[in-house]
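Welcome! Below are a few short exercises, each followed by a worked solution. Take a look at the sequence and the model before you begin.

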Amino acid sequence: MPILFVLFILIPIVEITVLIKVGEAIGAWYTIGLVLLSAFIGVNMLRIQGLSTLTRAQQRMSQGDMPGQEMIEGIVLAVGGAMLITPGFVTDFFGFCCLIPFTRKWIITHALSRFTVVTAHQTGDSFHEAPSDPFPPESSPFKSSKKDIPRQGDIIDGEYRRED
């Protein structure tokens, strides 16, 4: 928790310092223009990348697969979008890094290497650790097919009638 507090204090100080230095170098109006231009470009990039990720997620779901990679990318895109909306050049740099596909995959790989993904077997009796690579070819912890899901309980057929 203290690291978040430090970040909430440190990031605005760094942003203000960079904005002042850039404003001294190129002028206040040009600095404001650059901040607005970077926000405009970033929001448009976010829209394009977000729609691309959503389309890939829908394709994977229609194939019966869990779109785990796309969900993680969506989270990184949302964080990048928040950074781009925040005025400043440092947060814009990190926000653009979240939007560029190859740097986004590097960020996801680096962040997930610090975590252990634990998923339950379909029977729910035991657990196994998933591989640390978030983009494995076929052994993704998020990949499932309908044939792997066992039936749980009986299927009950019934009718519904509304009485007022």
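## Exercise 1: Confidence

Find where in the protein confidence is lowest and where it is highest.

**Solution.** Confidence bottoms out in strand E2 (residues 127–129), with a mean of 49, and peaks in H4, at 91. The score is pLDDT, the predictor's confidence in each residue, from 0 to 100. Helices (DSSP runs of H or I, at least four residues) and strands (E, at least two) are numbered from the N terminus. Next, look at the stretch of residues 120–128: its pLDDT is below 50, and beyond near neighbours in sequence it has 14 contacts in the model, a contact being heavy atoms within 4.5 Å. Where pLDDT is low, the predicted coordinates should not be read in detail. Finally, the protein's mean pLDDT is 79, with 76% of its residues at 70 or more.

Two notes on reading the model: it is predicted, so local features need pLDDT of at least 70 and side-chain atom pairs count only at pLDDT 80 or more, while totals for chains, interfaces and linings use all residues. Residues are numbered from 1 along each chain as its sequence is written, and side-chain values use heavy atoms, leaving out hydrogens and water.

## Exercise 2: Two helices

Which residues of helix H4 are buried, and which helices do they pack against?

**Solution.** Start with the list: Thr-91, Asp-92, Gly-95, Cys-97, Cys-98 and Leu-99 are buried in H4 (residues 89–99). Buried means under 20% relative accessible area, exposed over 50%, and partly exposed in between (1.4 Å probe, protein chains only). Then find the partners: these buried residues pack against H1 (2–26), H2 (28–62), H3 (68–85) and H5 (101–112).

Now turn to H3. Its buried residues include Glu-70, Glu-73 and Leu-84, and the buried residues of H3 pack against H2, H4 and H5.

## Exercise 3: Salt bridges

How many salt bridges are there, and which partners do Glu-70 and Glu-73 have?

**Solution.** A salt bridge is a side-chain nitrogen of Lys or Arg within 4 Å of a carboxyl oxygen of Asp or Glu. The count by this rule is four.

- Glu-70 pairs with Arg-60, their closest N and O atoms 3.4 Å apart. This pair links Arg-60 in helix H2 to Glu-70 in helix H3, 10 residues apart.
- Glu-73 meets Arg-104 at 3.6 Å, N to O. Arg-104 lies in helix H5 and Glu-73 in helix H3, so the pair ties together parts 31 residues apart in sequence. Arg-104 is buried, at 2% relative accessible area, and Glu-73 is buried too, at 1%.
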